[in-house]
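Please open the model in your viewer and keep the sequence panel beside it. The tour goes from a pair of elements to the whole chain and ends at the ligand.

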Amino acid sequence: MNDLTLARAVHILSVVIWMGGVTFVTLVLIPTLRRSSFRIDQLTIFHAIENRFASIARVMVLLAGISGFYMTYKLDAWGRFTQIQFFWMHAMVFVWCLFFLALFAIEPFILKNHGRIVKDRHNITNLKKTYIVHSVILVLSLSTILVSVLGAHGFFY
Ligand code: HEM
């Protein structure tokens, strides 16, 4: 029982650090850069800060995944993935896969090409696309946290 509780604590701690960072980047960093007078340096500042956060997020994604699968194993909860009332388990794994792919596979590509991707007809579009993508991911992640806490405490059955 103790190791299950410990795994739950590690799971939540890593999710808090990881999603706290995503919230900060989306609601504080990007809007501040978009409104600021240092437009020219926008991308450089954004990359410097998000790069540093990406290293922290990589560790947190691994910790959340390991602790999550460990809890699933300990609770012998694999069968939940075939039951609709446990949709929140699918949501957690889905969000985890998104970030895993983004941080471990896509990001090296995105970082190399970010400047080109966010440019529109040779002008930097004021981090608009970056803001939209981060906002969608944030809403998805926060909704998943909400339904996971409700689900883990019996709200859906
Ligand atoms: C590989 C991915 C993941 C797996 C296998 C996984 C698995 C689990 C399991 C087994 C539980 C315990 C459920 C229970 O007590 O009945 C849990 C709880 C939880 N997980 Fe995950 N999880 C994963 C990723 C995530 C992600 C990405 C988030 C955040 C977006 C998240 C947020 C939570 C929350 C908030 C709880 C509820 C804790 C509580 O209130 O006791 N998990 N997870």
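**A helix pair**

Select helix 1 and helix 4 (helices being DSSP runs of H or I with at least four residues, numbered from the N terminus), which pack at an angle of about 150° with their axes 10 Å apart. Helix 1 is therefore roughly antiparallel to helix 4, a label for angles over 145 degrees between N-to-C directions on a scale from 0 to 180, with axes fitted to C-alpha atoms over the stretch in contact. Next, show the contact residues (C-beta atoms, placed from the backbone, within 7 Å): helix 1 contributes V15, M19, V22, T23, V25, T26, I30 and R34, while helix 4 contributes T130, Y131, H134, S135, I137, L138, S141 and I145.

This is a predicted model, in which local features need pLDDT of at least 70 and side-chain atom pairs count only at pLDDT 80 or more, whereas totals for chains, interfaces and linings use all residues. Residues are numbered from 1 along each chain as its sequence is written.

**The whole chain**

Colour by secondary structure and follow the elements from the N terminus, where the order reads α-α-α-β-β-α, made up of four helices and two strands (strands being DSSP runs of E with at least two residues).

**The ligand**

Finally, select the ligand and the 23 residues that surround it, counting a residue if its C-beta atom, placed from the backbone, lies within 6 Å. The closest are G68, M71, M92, W96 and S148. Helix 1 (2-35), helix 2 (42-74), helix 3 (87-117) and helix 4 (128-152) each supply at least two residues of this shell.

Methods. Parallel < 35°, antiparallel > 145°, perpendicular 65-115°, else oblique. Contact = placed C-beta atoms within 7 Å.
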